[in-house]
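Visitor: I have a model open on my screen and would like to talk through some of its details. Could you walk me through it?

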Amino acid sequence: MKTIIEPFRIKTVEPLRHTTPEQRRLLLEEAGYNLFLIPAADILIDLLTDSGTSAMSTEQWAAMMRGDESYAGSDSFFRFREAVRNLTGFRHVIPTHQGRAAERILFSVLCRPGHLVPNNTHFDTTRANIEFTGARAVDLPIPEAADTQARIPFKGNMDVEALQRLIRETGPARIPLVMLTVTNNSGGGLPVSMRNIEDVHAVCRGHGIPLYLDACRFAENAYFIQQYEPGFAANSPKQIAQKMFSLADGCTFSAKKDAFANIGGFLCTNDDRLAEQETNLLILTEGFPTYGGLAGRDLEAIAVGLEEVLDPDYLRYRMASVTYLGRHIADNGVPIVEPPGGHAVYIDAGRMLPHIPRSQFPAQALAVELYRHAGIRSVEIGSLMFGDEARHELLRLAIPRRVYTQSHIDYVVEAILEVHERRDSLRGFQIVSQPKFLRHFTCRLRPL
Ligand SMILES: Cc1ncc(COP(=O)(O)O)c(C=O)c1O
């Protein structure tokens, strides 16, 4: 059979509420054309993020009932730690309430003013947590990543030569760790090859610098390796993921992605002294080391999710569904970041709407129109989010895991193609009020 189906059936449903174009016009006006400020009940298909939005399985819900809420030494922690150790091989497993808490703890211990932290591409919380310590976050994507249209399979890779140059120029003492984000979210959700992880590992080893994975989407990355990297077709996604982790000295993890959990994260290391310092910080702000800011039931959901996400049938369907969306719009003329990523499709709004200058936020104009036209929420990743630092004007359509069916995706394709047809009529936006930090969350805009 050629048709790839959702490898699950649906037991609990959540109704979607339709709104009329006129209602959406008013909602947009009230929200200052900022989709973060629109109530979720007024969204038909929510592609704002794949983070914390997964549907949990019957096994996860059943495990949650087993949640042991003891303050110290809960059974749930031991099951969680076993699942993480089994996957990653790391000795110390520190639970946190989400990925950014793991980042804050790691960087507070390792980074100082004057330090540099290289990454293929830093996610925004990773960058912010590094820079909060006075260190500098440096992105080292491969040069091909600058071209949204280049179709190469491992476009999320780090530029290994650039890493070597940076180490030569600054000296290893100023680089407390190197990170690799798998998959590379800010770089289009594109994967990192095993070869690239091995090369970065070898450079780090040569200079005594620890290598960390920002492993939120490790399973999607492992699947890409199995499919597209020579030599891995016979390995299971789990074996590939285990090999990826074996090349690192530690990891940060947001369980809101590839663990199908609605909340949670962890930090891992094999370094006993580091683990002790991290645990001391954990107790200050997250909680006792056997729950770290999570309920016992959350630990249970993560433990089960980490197993489920590596199911080859699930990963095949996941990639097929994201690729289906990407190919159907791209093959009909919509410029996307090529090739489609593991968790999202990114439309290159700068190319699609060349008549709207960067200063008037073309990707926001597209996001607003997609909502007004069809009730679909997406997110601008461009000058509104990053200001002058933005490299491209992108609109991200992130696909929540196990939530939407084929017909939902068909509806999204249809809506995008209809908006694309009359793209010349879209107009830009101007900011009318904004907070000091992270303006895209709460700023208000007006159409020009
Ligand atoms: C690559 C990457 N790293 C870190 C994070 C932060 O995780 P959290 O949202 O759980 O704090 C995210 C979240 O989207 C991410 O995509």
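Visitor: Thanks! How many Å is an oxygen atom of the ligand from an N or O atom in the side chain of Asn 185?

Guide: Happy to help, and please keep in mind that this is a predicted model. Asn 185 is among the closest of the 14 residues that surround the ligand. A pair of N or O atoms within 3.5 Å counts as a polar contact. From the Asn 185 side chain to an oxygen atom of the ligand, the distance is 2.8 Å.

Visitor: Which residue has a polar side-chain atom 2.7 Å from an oxygen atom of the ligand?

Guide: The closest residues around the ligand are Arg 100, Asn 185, Asp 214, Ser 254 and Lys 257. For Arg 100, the distance from a side-chain N or O atom to a ligand oxygen is 2.6 Å, and for Asn 185 it is 2.8 Å. The residue with a polar side-chain atom at 2.7 Å is Ser 254.

Visitor: Why do Cys 251 and Cys 268 not form a bond?

Guide: A disulfide needs two cysteine sulfur atoms within 2.5 Å. Cys 251 is buried, at 0% relative accessible area, and Cys 268 is buried with 0% as well. The closest cysteine sulfur to that of Cys 251 is in Cys 268, but the pair is too far apart for a bond because the distance is 4.0 Å.

Visitor: How many disulfides does the structure hold?

Guide: Take the sulfur of Cys 268: its closest cysteine sulfur, in Cys 251, is 4.0 Å away and too far for a bond. For the structure, the number of disulfides is zero.

Visitor: Which elements give two or more residues to the lining of the largest cavity?

Guide: There is one cavity of 30 Å³ or more, and the largest cavity has a volume of about 70 Å³. Its lining consists of Asn 34, Leu 35, Phe 36, Gln 364, Ala 367, Ser 378, Val 379, Glu 380, Leu 384 and His 440. Gln 364 and Ala 367 fall in the range 362–374, and Val 379 and Glu 380 in the range 379–381. The elements are therefore α14 and β11.

Visitor: How many charged residues are in the lining of the largest cavity?

Guide: The lining includes Glu 380, and Glu belongs to the charged class. Five residues of the lining are nonpolar and four are polar. The number of charged residues is one.

Visitor: What is the volume of the second largest pocket?

Guide: This pocket is lined by 38 residues, and the closest to its centre are Thr 12, Glu 14, Ala 55, Arg 402 and Val 403. The elements β1 (45–46) and α2 (58–65) each give two or more residues to the lining. By class, that lining has 20 nonpolar, nine polar and nine charged residues. The volume is about 1,400 Å³.

Visitor: Is Arg 402 buried or exposed?

Guide: Arg 402 lies in the loop between β12 (394–398) and α16 (406–421). Its phi is positive, about 65 degrees, although it is not a glycine. With a cut-off for buried of under 20%, a relative accessible area of 15% makes Arg 402 buried.

Visitor: What is the phi of Phe 361?

Guide: Phe 361 is found in the loop between α13 (349–352) and α14, and it is buried at 6% relative accessible area. Most residues other than glycine have a negative phi. Phe 361 is not a glycine, yet its phi is positive, at about 55 degrees.

Visitor: Which residue does a cis peptide bond join to Val 182?

Guide: Most peptide bonds are trans. One cis bond joins Glu 338 and Pro 339, with omega of about -15 degrees, and Pro 339 is in the loop between α12 (312–330) and β9 (344–348). At Val 182, omega is about -20 degrees, and the partner is Thr 183.

Visitor: How far apart in space are Ala 219 and Thr 183, C-alpha to C-alpha?

Guide: Ala 219 sits in helix α8 (residues 218–228), while Thr 183 is in the loop between β5 (178–181) and α7 (194–207). Ala 219 is buried, at 0% relative accessibility. The two residues are 36 apart in sequence, and their C-alpha distance is 8.8 Å.

Note on methods
Residues are numbered from 1 along each chain as its sequence is written. This is a predicted model: local features need pLDDT of at least 70, side-chain atom pairs count only at pLDDT 80 or more; totals for chains, interfaces and linings use all residues. Side-chain values use heavy atoms; hydrogens and water are left out. On a 1 Å grid over the protein atoms alone, a cavity is a set of points where a 1.4 Å probe fits but cannot get out, and a pocket is an open set with protein on both sides within 12 Å along at least five of seven lines; lining residues have an atom within 4 Å of a point. Grid points are joined across faces, edges and corners, and a volume is the space filled by probe spheres set on the points. Helices (H or I, at least four residues) and strands (E, at least two) are DSSP runs, numbered from the N terminus. Buried means under 20% relative accessible area, exposed over 50%, partly exposed in between (1.4 Å probe, protein chains only). A residue is near a molecule or strand if one of its heavy atoms lies within 4 Å of it. A polar contact is a pair of N or O atoms within 3.5 Å; within protein, one must be able to donate a hydrogen and the other to accept it, and residues adjacent in sequence count only if both atoms are side-chain atoms.
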